[in-house]
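This report goes through selected side-chain contacts and surface features, element by element. The sequence and the structure come first, and the reading of them follows.

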Amino acid sequence: MSGGLLDVRGLRANYGGAVALRGVSLSVGEGEVVALMGRNGMGKTTTIRCVMRLMQSEGAIRFAGVDLRRLPAHRTARLGIGLVPEGRRCFAPLTVRENLIAAARAGAWDLGAVERLFPRLAERSQQRAATLSGGEQQTLTIGRALMTNPRLLILDEATEGLAPVVRQEIWEAILGLKARGLSILLVDKSLAEIRAVADRCVILERGADVWMGRPGDLTREMTDRYLGV
Amino acid sequence: MTAAAVQAPARRWSREARVNTALSLGLLAVPLLAMAAGEPFWVTLATRAAILALAGVGLNLALGYGGLVSFGHAAFFGLGGYAAGVLASHGMSGRPIVTWPLEIGGTTQMLAIWPVAVAAAALGALVIGALSLRTTGVFFIMITLAFGQMAFYFMVSWPAYGGEDGLPTYVRSRFPGVNTMAPLQFFAIAYGWLMLALWLSWRIAGSRLGLALQAARQNRQRLAAVGIRPKSVLLGAFVLSGALTGLAGALYTDLNRFVSPAMLSWQTSGELLVLVILGGVGRLFGPVAGAMLFIALEHLLGGISDYWQFFLGAMLLMVVLFARGGIMGALAGRDG
């Protein structure tokens with residue numbers, strides 16, 4: 001598919017001498033939710049890092065018609081890509097409110113909107129991010145990404161290692177964001193939730209995309225073979 | 001998370017605010033008590049502490065909030081010092097500094113000297129920062145040290161302004177309505193600037209620049225991922241830091257009525273780092289606590305032994321090993 005909000009073609013990247021991506025192609029359309037899937041070490045996070053220009057790569061990356069290959073990471077983010085990195089990486093020395101304010105750019109998502117989406121953040125507003133629980137830190141990193149008022153939100157393992165009740169809260173938030181028309185590229189291993197949220201799936205295997213399609217078309221054989229589920 | 005934990009930051013702030021107030025009043029009390037006791041020398045010591053604290057407040061912006069370990073801040077201290085010294089010496093002699101393409105003379109007015117000193121130091125910080133911030137970690141330390149040494153040797157080899165012997169200015173520059181030669185009145189000027197710099201530093205720390213600076217200290221890539229260019233934030237802080245340190249340099253020249261390349265030496269950079277670390281890196285009043293302790297140790301231990309810096313080194317070792325929050329950490333809690 002081409003002409004989407006995000007178009008990636010033939011993405012290749014290395015870590016030193018080790019080849020991480022051998023040619024990944026994917027696209028995300030306006031208002032579309034795309035799930036990037038695959039077992040550990042298949043190149044999902046590397047693909048996201050390349051899209052965000054946090055590491056060098058070869059191949060074409062276009063966002064809203066702009067060629068991202070020569071842009072630094074901060075310019076890519078300013079174009080409208082919000083990243084929720086894996087591992088709940090908030091700004092630990094800052095308070096919850098300071099984390100949100102630091103990232104703020106003009107748009108519909110402001111402090112009030114984020115605190116309405118995650119009311120716990122309002123309760124913890126003056127608390128240092130480092131002292132939050134894992135789930136609260138994750139909602140904070142999602143809130144921080146939303147404060148940049150992105151056109152595309154990228155979530156890298158946003159529910160990994162969280163309690164079921166927090167995972168549920170985050171999946172409901174993702175559904176709410178989809179309903180508001182936000183484009184989302186997400187990496188996750190929760191097949192049931194991906195089936196409920198995603199419009200399309202892209203499966204990576206050893207640094208290359210091997211399957212694209214609707215979640216409903218994923219067969220048991222494919223999930224066994226590529227996802228180890 | 002308990003309610004107590006949620007309220008903890010406010011409680012720590014209140015404790016830190018009390019310590020900050022005590023330090024402000026303590027530094028103010030020293031010269032007042034000294035004058036009452038007929039010991040004007042202590043006024044000079046308090047003034048020196050206030051000026052070094054001002055330089056430390058500048059360094060703390062880069063080191064404490066931005067995590068930039070600059071080993072070249074003496075360059076900005078010296079640039080401010082020489083700007084004041086050169087302007088004042090020309091102002092007193094009446095000789096112009098340059099005659100072409102237009103004649104520019106000196107001045108003995110502090111209100112004219114300070115902006116020049118701040119601008120010179122800020123420009124120096126902009127150039128040094130723009131080049132040094134291409135590196136990180138130990139390379140950043142080394143490159144700032146190298147720039148500092150370049151500035152030092154430049155002044156050593158510039159005979160027009162005294163070279164290695166330095167440049168005497170004989171009398172302090174003037175300030176409207178103030179007798180700057182009176183120790184207490186000159187202390188008031190230095191103390192006033194220190195309080196203003198602390199207020200500015202507090203405002204910066206709470207601004208978006210300050211938040212981004214603290215975020216950059218933790219992880220530059222993470223900051224870039226929210227659309228903020230880390231280098232711009234760090235460079236902005238480095239320039240502000242250099243400007244404040246340059247202002248302190250101008251006051252230091254007036255305090256001593258003399259400026260020499262020693263102000264630009266790596267030992268001066270080291271002393272500024274030591275007093276910030278002793279007081280508490282990244283703590284608003286850390287440089288004030290550190291400068292007061294540094295001056296007290298220099299005077300008290302210096303009277304006992306020429307090797308007083310041995311004891312200072314031992315104290316620094318203890319702080320780094322066992323009290324990483326410095327004096328402020330010990331008095332107001334580590335996370336204040």
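## A buried glutamate and its partner

E115(A) counts as buried, at 15% relative accessibility, in what is a predicted model. Its carboxylate does not stand alone, for the side chains of R97(A) and E115(A) meet in a salt bridge with an N to O distance of 3.3 Å. R97(A) lies in helix α3 (residues 96-103) of chain A and E115(A) in helix α4 (residues 111-117) of chain A, so this salt bridge ties together parts that are 18 residues apart in sequence. The arginine side of the pair has another degree of cover, since R97(A), at 29% relative accessibility, counts as partly exposed.

## Further salt bridges of chain A

Over all chains, the structure holds 17 salt bridges. One of the pairs in chain A joins two strands: E58(A) forms a salt bridge with R12(A), and the closest N and O atoms are 3.2 Å apart. Because E58(A) lies in strand β4 (residues 58-63) of chain A and R12(A) in strand β1 (residues 6-15) of chain A, the contact ties together parts that are 46 residues apart in sequence. E58(A) is partly exposed, with a relative accessible area of 47%, and R12(A) is likewise partly exposed, with a value of 38%.

Another pair is made by R120(A) and E136(A), whose side chains meet in a salt bridge at 2.9 Å, N to O. This pair links distant parts of the chain, with R120(A) in helix α5 (residues 119-123) of chain A and E136(A) in helix α6 (residues 134-147) of chain A, 16 residues apart. R120(A) counts as partly exposed at 38% relative accessibility, whereas E136(A), at 8%, counts as buried. The contact also belongs to a wider arrangement, in which R120(A), E123(A), R124(A) and E136(A) are linked in a network of salt bridges.

## Aromatic contacts

A search of the whole structure finds 11 aromatic pairs over all chains. Among them is the pair of F154(B) and W158(B), which is tilted, with 5.4 Å from centre to centre and 50° between the planes. W158(B) is partly exposed, with a relative accessible area of 34%. The rings of F294(B) and W308(B) are arranged in another way: their centres are 5.8 Å apart and their planes stand at 75°, so the pair is edge-to-face. It links distant parts of the chain, since F294(B) is in helix α11 (residues 286-304) of chain B and W308(B) in helix α12 (residues 308-322) of chain B, 14 residues apart. Both F294(B) and W308(B) are buried.

Chain B also holds an aromatic cluster, formed by F76(B), F140(B) and F238(B).

## Charges over rings

Two arginines are placed over phenylalanine rings. In chain A, the charged end of R144(A) sits over the ring of F91(A), at 4.5 Å from the ring centre. In chain B, R172(B) lies over the face of F186(B), and the distance to the ring centre is 4.4 Å.

## Cysteines

How many disulfides does the structure contain over all chains? The count comes to zero. For two of the cysteines of chain A the degree of cover can be given: C50(A) is buried, with a relative accessible area of 0%, and C90(A) is also buried, with a relative accessible area of 4%.

## A nonpolar patch on chain B

On the surface, M92(B), Y170(B), V171(B) and M181(B) form a nonpolar patch, and together they have about 390 Å² of accessible area. V171(B), one of these residues, is placed in the loop between β1 (167-168) and α6 (183-206) of chain B. Its relative accessible area is 38%, so V171(B) is partly exposed.

## A serine in helix α9

S232(B) lies in helix α9 (residues 230-256) of chain B and, at 38% relative accessibility, counts as partly exposed. Where does S232(B) stand with respect to L52(B), in sequence and in space? The two residues are 180 residues apart in sequence, and their C-alpha atoms are 27 Å apart in space.

Key. Residues are numbered from 1 along each chain as its sequence is written. Chains are lettered from A and ligands numbered from 1 in the order in which they are written. This is a predicted model: local features need pLDDT of at least 70, side-chain atom pairs count only at pLDDT 80 or more; totals for chains, interfaces and linings use all residues. Side-chain values use heavy atoms; hydrogens and water are left out. Rings of Phe, Tyr and Trp (its six-membered ring) pair if their centres lie within 6.5 Å; planes under 30 degrees apart count as stacked, over 60 as edge-to-face and the rest as tilted. Buried means under 20% relative accessible area, exposed over 50%, partly exposed in between (1.4 Å probe, protein chains only). Helices (H or I, at least four residues) and strands (E, at least two) are DSSP runs, numbered from the N terminus. A charge sits over a ring if NZ of Lys or CZ of Arg is within 6 Å of the ring centre and within 35 degrees of the ring normal. A disulfide is a pair of cysteine sulfur atoms within 2.5 Å. Patches are made of residues with over 30% relative accessible area and no salt bridge: like charges are joined within 9 Å, nonpolar side chains (Val, Leu, Ile, Met, Phe, Trp, Tyr) within 5 Å. Accessible areas come from the Shrake-Rupley method with a 1.4 Å probe; for residues, only the protein chains shown count as cover. A salt bridge is a side-chain nitrogen of Lys or Arg within 4 Å of a carboxyl oxygen of Asp or Glu.
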